[in-house]
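Subject: Handing over the structure, with notes

Dear colleague,

I am passing this structure on to you, together with an account of what was found in it. Please look through the sequence and the model before reading the notes that follow.

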Amino acid sequence: ANAWRAGATALAAQRWPGLLHLNALKEIDAPEARDILIAAVRDRRVGRQSERYVALRSLIRRHDPRLPDLLVDLVRDRAELVRSAVEAAITYGDARLLPALRRIAAAPKTPPGSRADAQRAIEAIERRALPSSSTG
């Protein structure tokens with residue numbers, strides 16, 4: 001089993017060197033590691049989709065305070081990563097995302113799953129924006 005894992009890791013390192021490094025960074029919670037993950041999410045070059053996805057998921061897991069700003073940029077992105085950004089907006093998004101999320105929800109070319117996710121994110125953000133009705 002270890003020999004197979006080593007072989008698979010070596011193959012992954014050859015085919016996706018950035019992805020292997022980003023997977024390693026998932027285990028390191030340091031400012032430098034987070035900066036690299038932010039840069040990876042923002043890398044829009046062709047062929048970087050997997051790296052962007054891994055980096056975004058790592059930042060979501062860490063509740064990085066820059067996540068809302070990053071999501072504002074990502075929901076405008078035309079890549080497949082938009083769906084992950086919209087899903088993250090359900091939990092971490094703020095009102096700045098609403099215009100872009102409404103465009104995603106209303107666009108005729110938006111896939112139904114992404115449209116539903118955008119609508120759920122809109123509803124979640126609007127709920128968070130409401131003043132708390134609890135009395136102390």
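At roughly what angle do the axes of helix 4 (residues 49-62) and helix 6 (residues 81-92) cross? Before the answer, please keep in mind that this is a predicted model.

The axes of these two helices, helix 4 and helix 6, come within 10 Å and cross at roughly 10 degrees. Because angles under 35 degrees count as roughly parallel, helix 4 is described as roughly parallel to helix 6. On the side of helix 4, the contact is made by Gln-49, Arg-52, Tyr-53, Leu-56, Arg-57 and Ile-60, while helix 6 contributes Leu-81, Ser-84, Ala-85, Glu-87, Ala-88 and Tyr-92. Taken by character, the residues of this contact divide into seven nonpolar, two polar and three charged.

For the setting of that pair, here is the chain as a whole. Its secondary structure comes to eight helices and zero strands, and from the N terminus on the elements run α-α-α-α-α-α-α-α. The chain has 136 residues, of which 37% are buried. Among contacts between residues at least 6 apart in sequence, 60% join residues at least 24 apart.

The largest nonpolar core holds 35 residues, and within it Leu-56 and Leu-101 touch the most other members. The elements that give two or more residues to this core are helix 2 (17-25), helix 3 (31-42), helix 4, helix 5 (67-74), helix 6, helix 7 (98-106) and helix 8 (112-129). Helix 6 provides the largest share of this core, with six residues.

Which residues does Leu-56 touch, if those up to four places away in sequence are not counted? They are Val-41, Leu-67, Leu-70, Leu-71, Leu-74, Leu-81, Ser-84 and Ala-85. Two of the names in that list, Ser-84 and Ala-85, also appear on the helix 6 side of the contact described above.

Helix 4 itself has 14 residues and reaches 20 Å from its first C-alpha to its last, which is close to the 20 Å expected at 1.5 Å a residue. Its buried residues are Glu-51, Arg-52, Val-54, Ala-55, Leu-56, Ser-58, Leu-59, Ile-60 and Arg-62. After helix 4 comes His-63, which sits in the loop between helix 4 and helix 5. His-63 has a positive phi of about 55 degrees although it is not a glycine, and at 51% relative accessibility this residue counts as exposed, because the cut-off for that word is over 50%.

Helix 6, the partner of helix 4, has twelve residues and reaches 16 Å between its first and last C-alpha, close to the 16 Å expected at 1.5 Å a residue. Leu-81, Val-82, Ser-84, Ala-85, Val-86, Ala-88 and Ala-89 are the buried residues of helix 6, and what covers them includes helix 3, helix 4, helix 5, helix 7 and helix 8.

Helix 8 also deserves a look. At 1.5 Å a residue its 18 residues should span 26 Å, and its end C-alpha atoms are 26 Å apart, which agrees. In helix 8, Ser-114, Asp-117, Ala-118, Ala-121, Ile-122, Ala-124 and Ile-125 are buried, and the buried residues of this helix pack against helix 6 and helix 7.

Is Ser-114, which lies in helix 8, buried or exposed? Ser-114 is buried, because its relative accessible area is 15% and the limit for buried is under 20%. Leaving aside neighbours within four places in sequence, Ser-114 is in contact with Arg-83, Val-86 and Ile-104. The C-alpha atoms of Ser-114 and Ser-84 are separated by 9.2 Å, with their positions 30 residues apart along the chain.

A last residue to visit is Ala-40, which lies in helix 3 and is buried, with a relative accessible area of 13%. Not counting residues up to four places away in sequence, Ala-40 touches Leu-22, Arg-52 and Ala-55. Its C-alpha atom and that of Val-54, 14 residues apart along the chain, are separated by 8.9 Å.

With best wishes

Conventions
Residues numbered from 1 in each chain as written. Predicted model: local features only at pLDDT ≥ 70, side-chain atom pairs only at ≥ 80, totals over all residues. Heavy atoms only, no water. Axes fitted to C-alpha atoms, helices over the stretch in contact; angles between N-to-C directions. Helix = DSSP H or I, 4+ residues; strand = E, 2+ residues; numbered from the N terminus. Parallel < 35°, antiparallel > 145°, perpendicular 65-115°, else oblique. Contact = heavy atoms within 4.5 Å. Nonpolar A, V, L, I, M, F, W, Y, C, P; charged D, E, K, R; others polar. Core = buried A, V, L, I, M, F, W, Y, C linked by side-chain atoms within 4.5 Å. Buried < 20%, exposed > 50% of the residue type's maximum accessible area, 1.4 Å probe, protein only. Expected span 1.5 Å × (residues − 1).
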